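Trainee: I should like to learn how to read the interior, the backbone and the cysteines of a protein model. Could you guide me through one case?

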Amino acid sequence: SIFRKAGVPFEVKELPLPDVEPDAILIRITMANICGSDLHVWRGEMQPAVASGPEGYVAGHEGAGRVAKLGHNIKTDSLGRPLKEGDRVVFTYFFPCGRCYACLDDRPNACPTRYSRFGPRSAAIPPYFTGTFAQYYYLRPGHYVFKAPDELSDELLAPVNCALCQVIQGLQQAGFRFGDTVVLQGAGGLGLYAAAVAKDMGAGLVISVDRLAPRLELAKKFGADAVINAAEYSKAEDRIAKVMELTEGVGAHVAMDLVGVPAVIPEGLEMLRQGGTYVEIGSIWSAKIEVDPSKLVFGNRRIVAMSHYHPRVLPQAISFLLRNRTRFPFDQMLSHQFPLAKVNEAFETAEWARTSGDPTKVIRASLVP
């Protein structure tokens, strides 16, 4: 499916299969999800990470599949396990260079050329298949790929390389520890994963905040010990007071923006205890907020922001799913599936916030090529 610009429908067309370089892999996509960042680009709120020409490009990044063709130098996955055509895999959708200050500092997710060092994404330039909204996806040289166990369905695997890994990275980078209290602002896909991951990491108290009651009920199934309905606690000071009540007047060790509404950030900072950490993941498009820096200084609080994740998180995410696949109702996170030919309908369905759709019923929309 070819994306050209905001306001223009996707075009589904055939593209030639690329020659596979010796250190590359061609993936046959089995399922791809529509991420919030895809919606931001589709709406025109943010530009694609890499510019494309008028021909457009194959969009999408969240997904999983099977090895269709291995470059002749590739014999194993990134953990050294034998890899062959037909194997189910998950992969990073970004390509750190390995030769810059960020990569040398062991922060490949911050590599400044992680998108652009292989040239533009274009439906007119090989390798063509630069996104997961297609039958194939091209893993360029320098990729990270990991075999996926048969016990995990495509529905469980598809969100791993974005949503799940992102919240694991966020909690790790925040220094989250056993017994800590965490406030999760948002109970959509990111928020539900964060609740489950925090609980798996030994959280003492998980508090989910959202304004949709059905999502808060689902958050409880994913490990939230307490929920705050923002429609009932309609003022920020009331929500902050509730967090303080739940934490015996101290506040949370960690609070996370998982809703992508920048206005929640000052409120989340107020929910932290002295020495707490705020994790910014959700707000990925340009916006301005007001923050009182003295509350950071005298509260010894810090803000941790990130995009992407360290590639080592991917096998950690697989292990998390294996040990928790019956503990949490992951099957309830995927609300809609569409064939690739209905990509435009899939986006319209995922766009519940700006349409007449029912927001309580759309958690994640997927494409099945």
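Mentor: We shall take the nonpolar cores, then the backbone, then the cysteines. Please bear in mind that this is a predicted model.

Trainee: How should one read the largest nonpolar core, and which residues touch the most other members?

Mentor: In general, nonpolar side chains in soluble globular proteins tend to be buried together. Here the largest nonpolar core holds 85 residues, and those that touch the most other members are Ile25, Ile27, Leu164, Val182, Phe222, Met256 and Phe330. Helix H4, spanning residues 160-173, gives the most to this core, namely 8 residues.

Trainee: Which residues does Val182 touch, leaving aside those up to four places away in sequence?

Mentor: With those sequence neighbours not counted, Val182 touches Leu171, Phe176, Ala198, Leu205, Val206, Ile207, Val254 and Met256. There is also a second, separate core of 17 residues, including Val209, Ala255, Met271 and Tyr278.

Trainee: Let us turn to the backbone. Which residues does a cis peptide bond join?

Mentor: The omega angle is the value to read. The cis peptide bond joins Pro126 and Pro127, with omega at about 10 degrees. Pro127 lies in the loop between helix H2 (101-104) and strand S6 (136-139).

Trainee: Where is Asp106 found, and what is its phi?

Mentor: Asp106 belongs to the loop between H2 and S6. Its phi is near 60 degrees, a positive value in a residue other than glycine. Asp106 is partly exposed, at a relative accessible area of 45%.

Trainee: Is Asn300 buried or exposed?

Mentor: Asn300 counts as exposed, because its relative accessibility is 57% and the cut-off for that class is over 50%. Asn300 sits in the loop between helix H9 (293-298) and strand S13 (302-305). Phi of Asn300 is near 50 degrees, again a positive value in a residue other than glycine.

Trainee: How many disulfides are there?

Mentor: One reads the distance between cysteine sulfur atoms, and a disulfide requires a pair within 2.5 Å. By this rule the count is 0. Cys100 is in no disulfide, because the nearest cysteine sulfur, that of Cys97, is 3.7 Å away and the rule asks for a pair within 2.5 Å. Cys100 is buried, with a relative accessible area of 12%.

Trainee: Why does Cys165 form no bond with the closest cysteine sulfur?

Mentor: The closest cysteine sulfur, in Cys162, is 8.6 Å from that of Cys165, which is too far for a bond. Cys165 counts as buried, at 0% relative accessibility.

How values were computed. Residues numbered from 1 in each chain as written. Predicted model: local features only at pLDDT ≥ 70, side-chain atom pairs only at ≥ 80, totals over all residues. Heavy atoms only, no water. Core = buried A, V, L, I, M, F, W, Y, C linked by side-chain atoms within 4.5 Å. Buried < 20%, exposed > 50% of the residue type's maximum accessible area, 1.4 Å probe, protein only. Helix = DSSP H or I, 4+ residues; strand = E, 2+ residues; numbered from the N terminus. Contact = heavy atoms within 4.5 Å.
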